[in-house]
Amino acid sequence: MQTNVVSKVYLNEQTKELTKERIKVVRKRSSFDINIELLKDLKIQAVIHDKNVYEIVENAIRKELEEMKKG
C-alpha cells in the first residue's frame, strides 16, 4: 500500500475564506485492462490539465459510484 499526502483546498462557508488542508490518502495498487484509445486520451488529458492519471481515474470512478448509489 502507498500513502500520499494530498493538499485539499475548500471554501469555508462561514468565513467565506479558502482553507488549505493536508490529508493522507492510502492507495492500493490495482491492475485492470482498459481500451487502448481510452488510455491514450486519458494520458493526453492528464498532461493538458497537469494532473496524474490516477487522479482522473479516481474522480471518474467516484462520480460513477455516486450515480449508481442514487439508482
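I take a residue as buried under 20% relative accessible area, exposed over 50%, and partly exposed in between. I note at the outset that the model is predicted.

**Entry 1: Leu11 and its patch.** I looked up Leu11 against these limits. Its relative accessibility is 42%, so I record Leu11 as partly exposed. I located Leu11 in strand E1, which covers residues 2-12. I then asked which residues make a nonpolar surface patch with Leu11. Val9 and Leu18 join Leu11 there, and the patch has an area of about 310 Å².

**Entry 2: overall layout.** I counted 2 helices and 2 strands in the protein. Read from the N terminus, the order of the elements is β-β-α-α. I compared the radius of gyration, 15 Å, with the 11 Å that the globule rule gives for 71 residues; the value is well over the rule, so the protein is more spread out than a compact globule. I also noted the span of the C-alpha trace along its principal axes, about 45 × 30 × 30 Å. Of the 71 residues, 6% are buried.

**Entry 3: helix H1.** I checked the length of helix H1, residues 36-48. Its 13 residues, at 1.5 Å a residue, should span 18 Å, and I found the end C-alpha atoms 19 Å apart, which agrees. What caps the N-terminal end of H1? I found Asn35 in that role: one of its side-chain oxygens lies 2.9 Å from the backbone nitrogen of Glu37.

**Entry 4: Asp50.** I moved on to the residues following the helix. Just after H1, Asp50 takes a positive phi of about 50°. I marked this because most residues other than glycine have a negative phi. Asp50 is not a glycine, yet its phi is positive. I placed Asp50 in the loop between H1 and helix H2, the latter covering 53-70. Is Asp50 buried or exposed? Its relative accessibility is 72%, over the 50% limit, so I record Asp50 as exposed.

**Entry 5: Lys69.** I looked up Lys69 and found this residue in helix H2. With a relative accessible area of 73%, Lys69 is exposed, because the limit for that class is over 50%. I then asked how many Å separate the C-alpha atoms of Lys69 and Gln45. The separation is 27 Å, and the two residues are 24 residues apart along the chain.

Note on methods:
Residues are numbered from 1 along each chain as its sequence is written. This is a predicted model: local features need pLDDT of at least 70, side-chain atom pairs count only at pLDDT 80 or more; totals for chains, interfaces and linings use all residues. Side-chain values use heavy atoms; hydrogens and water are left out. Helices (H or I, at least four residues) and strands (E, at least two) are DSSP runs, numbered from the N terminus. The expected span of a helix is 1.5 Å times one less than its number of residues. A polar contact is a pair of N or O atoms within 3.5 Å; within protein, one must be able to donate a hydrogen and the other to accept it, and residues adjacent in sequence count only if both atoms are side-chain atoms. Patches are made of residues with over 30% relative accessible area and no salt bridge: like charges are joined within 9 Å, nonpolar side chains (Val, Leu, Ile, Met, Phe, Trp, Tyr) within 5 Å. Accessible areas come from the Shrake-Rupley method with a 1.4 Å probe; for residues, only the protein chains shown count as cover. A salt bridge is a side-chain nitrogen of Lys or Arg within 4 Å of a carboxyl oxygen of Asp or Glu. Buried means under 20% relative accessible area, exposed over 50%, partly exposed in between (1.4 Å probe, protein chains only). The radius of gyration is taken over C-alpha atoms; the globule rule is 2.2 Å times the number of residues to the power 0.38.
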